[in-house]
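Q: Got a minute to go through this one with me? I'd like to start with a helix and then wander around a bit.

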Amino acid sequence: MKVAKNTEIEIRGKLGKKVFRKTFSQLKKSGRLINHYKRLSVDLSPGFDSKSRSWKSDDQIDLRVKKSGNSEKISLKIGKIHAKKRQEIEIRLKKGEFLNSVSLLENLGFNKGMIYFWESWEFEYKGCEVKLSKYSDNYFTWEIETINHKLDLYDLAKSLNLVPFTKQGYNRAIDWGNKNIHNIYSYNLVEKLIKKF
């Protein structure tokens, strides 16, 4: 049986509050808002170390159960976390299967990781998806992605005055977020957070 696979191209970076507002206004004017949602993402990727709140290697699979508004899915990304191109496999879930999916993975031994919760706005802009995200009143990020390998995402980021993370910068941002914003996984906390939808 052949599994459908997409290789997405993505770059991302951090935003200050003023730049977030300016970029949001620019995308609202020149792009098209295609989605706005709260997201709960449970990252149960193998190799998580609870003490350091990080993964042992960035050459890994990212195994997540995601709830974005009413949409629910299991997502598997393969390859280095900071890579521009990563293979992605998704399984769409029926509404209400999020908690059962988390429980299933936990009982299969995927029981360590992080919980992420944020709000996102997705725009269609010049053939790409541009996502602006708010994690707290002081922490914002952006992401540009496409499966069209002919598009230059760095040129698009430059046209929006966005500066992508370097490999080291992205690793530092992940570590900082895991220590200062996100929570260590527990099923009970997931049950509490899902009530915010």
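Q: Which residues of helix α2 are buried?
A: This is a predicted model, and in it helix α2 covers residues 98-107, with F98, S101, V102 and L105 buried.

Q: How wide is the arc they fall within, seen down the axis of α2?
A: The buried residues of α2 fall within an arc of 100 degrees, so they line one face of the helix.

Q: And which exposed residues does the face turned away from that buried side carry?
A: That face of α2 carries N100, L104 and N107, which are exposed.

Q: What follows α2?
A: G109 follows α2, and its phi is positive, near 105 degrees.

Q: Let's do α1 too. What should its residues span, and how far apart are its end C-alpha atoms?
A: The 14 residues of α1 should span 20 Å at 1.5 Å a residue, and the end C-alpha atoms are 20 Å apart, which agrees.

Q: Which residues of α1 are buried?
A: In α1 the buried ones are F20, T23, F24 and L27. Seen down the axis of α1, they fall within an arc of 105 degrees, so they line one face of the helix.

Q: What's exposed on the other side of α1?
A: K18, R21, K22 and K29 are exposed there.

Q: Switching to the interior: how many residues has the largest nonpolar core, and which have the most contacts inside it?
A: The largest nonpolar core has 20 residues, and L15, F20, L27, L132, W142 and I144 are those with the most contacts inside it.

Q: Which elements each supply at least two residues of this core?
A: On the strand side they are β1 (6-15), β8 (114-125), β9 (128-136) and β10 (139-146). The helices α1 (17-30) and α3 (153-159) also each supply at least two.

Q: What does a second, separate core include?
A: That second core has 15 residues, L44, L93, V102 and I115 among them. V102 is also one of the buried residues of α2.

Q: Back to W142. What is it in contact with, leaving aside its neighbours within four places in sequence?
A: W142 is in contact with I11, R12, G13, K14 and L15, and also with K131 and L132. Further along the chain, its contacts include A157, L162, V163 and P164.

Q: Which residue stands opposite W142 in β10?
A: That's L132. Strands β9 and β10 run antiparallel and are joined by seven bridges, with a hairpin of two residues between them.

Q: How do β8 and β9 pair?
A: β8 and β9 pair in the antiparallel sense, over seven bridges. E122 stands opposite K131 in β9. The hairpin of β8 and β9 has two residues between the strands, and K126 there takes a positive phi near 55 degrees.

Q: While we're in β8, is W118 buried or exposed?
A: W118, found in strand β8, is buried, with a relative accessible area of 8%.

Q: Which side chains does the W118 side chain make polar contacts with?
A: A polar contact of 2.7 Å joins the side chains of W118 and S120, and the side chain of W118 makes another with that of S133 at 3.5 Å.

Q: What else does W118 touch, not counting residues up to four places away in sequence?
A: Besides S133, W118 touches Y37, K38, R39, S41, K134 and Y135. The C-alpha atoms of W118 and L40 are separated by 6.9 Å, though these residues are 78 residues apart along the chain.

Q: New topic: D62. Why does D62 count as buried?
A: Its relative accessibility is 4%, and buried means under 20%, so D62 counts as buried. D62 is found in strand β5 (residues 59-68).

Q: What polar contact does the D62 side chain make?
A: The side chain of D62 makes a polar contact with the side chain of R86, at 2.8 Å. Leaving aside its neighbours within four places in sequence, D62 is also in contact with S45, S75, L76, K77 and I81.

Q: Last one: where is N178, and what does it touch?
A: N178 lies in helix α4 (residues 167-180) and is buried, with a relative accessible area of 2%. Not counting residues up to four places away in sequence, N178 touches R53, W55, M114 and Y116.

Terms used. Residues numbered from 1 in each chain as written. Predicted model: local features only at pLDDT ≥ 70, side-chain atom pairs only at ≥ 80, totals over all residues. Heavy atoms only, no water. Helix = DSSP H or I, 4+ residues; strand = E, 2+ residues; numbered from the N terminus. Buried < 20%, exposed > 50% of the residue type's maximum accessible area, 1.4 Å probe, protein only. Polar contact = N/O pair within 3.5 Å; in protein donor to acceptor, adjacent residues only side chain to side chain. Contact = heavy atoms within 4.5 Å. Core = buried A, V, L, I, M, F, W, Y, C linked by side-chain atoms within 4.5 Å. Arc of directions from axis to C-beta. Pairing = 2+ DSSP bridges. Expected span 1.5 Å × (residues − 1).
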